[in-house]
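Colleague: Could you walk me through this one before I set anything up? I'd like to start with the side-chain contacts.

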Amino acid sequence: MRSLNEVAEPGARYEQYRFCRKYQKELEALPFPPLPGKQGQEIQATVSKPAWEAWQALQTRLINEKHLNMLDPESRAYLMEQMQRFLDNQETDQAEGYVPPKQV
């Protein structure tokens, strides 16, 4: 079985925690870049695993509620813009009619 350091890009080290630009505190790190290339490496270096999971939940709601076609370049550009806004704590679009589950 390979370690996370072996799975990551050559020369990259997996760090267990990192300072998250979204939540402005030290949190669990992403074990690998979530996107290919430089953008994925930058996200891995500055975004925590909890922040990325929160973005994925919002992204799913936006895709579903706004009926986005991921083959459409405009839809992909829209999601990339919303992702950057979300991770930088700026206002993002929300899925109309979404009601969050009640907390127990």
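Modeller: Bearing in mind that this is a predicted model, I would begin with the side chains of Arg21 and Asp88, which are joined by a polar contact of 3.0 Å.

Colleague: Which other side chain does the side chain of Arg21 make a polar contact with?

Modeller: The side chain of Glu42 is a polar partner of Arg21 as well, at 2.8 Å.

Colleague: And where does Arg21 lie, and is it buried or exposed?

Modeller: Arg21 lies in the loop between E1 and strand E2, the latter being residues 25-28. Arg21 counts as buried because its relative accessibility is 16%, and the cut-off for buried is under 20%. Leaving aside residues up to four places away in sequence, Arg21 touches Glu42, Thr46, Val47, Gln84, Leu87, Asp88 and Asn89.

Colleague: Switching to H2, which of its residues are buried?

Modeller: In helix H2, which spans residues 37-46, the buried residues are Gly40, Ile43 and Gln44. They lie on the same side of H2, because the arc they cover around the axis is only 100°. As general background, residues three or four places apart in an α-helix point the same way, because there are 3.6 residues a turn.

Colleague: What covers those buried residues of H2?

Modeller: The cover includes strand E1 (17-20), helix H3 (49-65) and helix H4 (73-87).

Colleague: At what angle do H3 and H4 pack, and how far apart are their axes?

Modeller: The angle between H3 and H4 is about 140°, and their axes are 10 Å apart. That angle makes H3 oblique to H4, since roughly antiparallel would require over 145 degrees. The crossing in which H3 passes H4 is right-handed. On the H3 side the contact is made by Ala51, Trp52, Ala54, Trp55, Leu58, Gln59, Leu62 and Ile63, while H4 contributes Tyr78, Leu79, Gln82, Met83, Phe86 and Leu87.

Colleague: Now the backbone: which residues other than glycine have a positive phi?

Modeller: Among them are Gln24, with a positive phi of about 55°, and His67, whose phi is near 55°. For context, most residues other than glycine have a negative phi.

Colleague: Where are Gln24 and His67 placed?

Modeller: Gln24 is in the loop between E1 and E2, whereas His67 is in the loop between H3 and H4.

Colleague: Last one: is His67 buried or exposed?

Modeller: His67 counts as exposed, because its relative accessibility is 69% and the cut-off for exposed is over 50%.

Methods. Residues numbered from 1 in each chain as written. Predicted model: local features only at pLDDT ≥ 70, side-chain atom pairs only at ≥ 80, totals over all residues. Heavy atoms only, no water. Buried < 20%, exposed > 50% of the residue type's maximum accessible area, 1.4 Å probe, protein only. Helix = DSSP H or I, 4+ residues; strand = E, 2+ residues; numbered from the N terminus. Arc of directions from axis to C-beta. Contact = heavy atoms within 4.5 Å. Polar contact = N/O pair within 3.5 Å; in protein donor to acceptor, adjacent residues only side chain to side chain. Axes fitted to C-alpha atoms, helices over the stretch in contact; angles between N-to-C directions. Parallel < 35°, antiparallel > 145°, perpendicular 65-115°, else oblique. Left-handed = near helix turned anticlockwise from the far one by under 90°.
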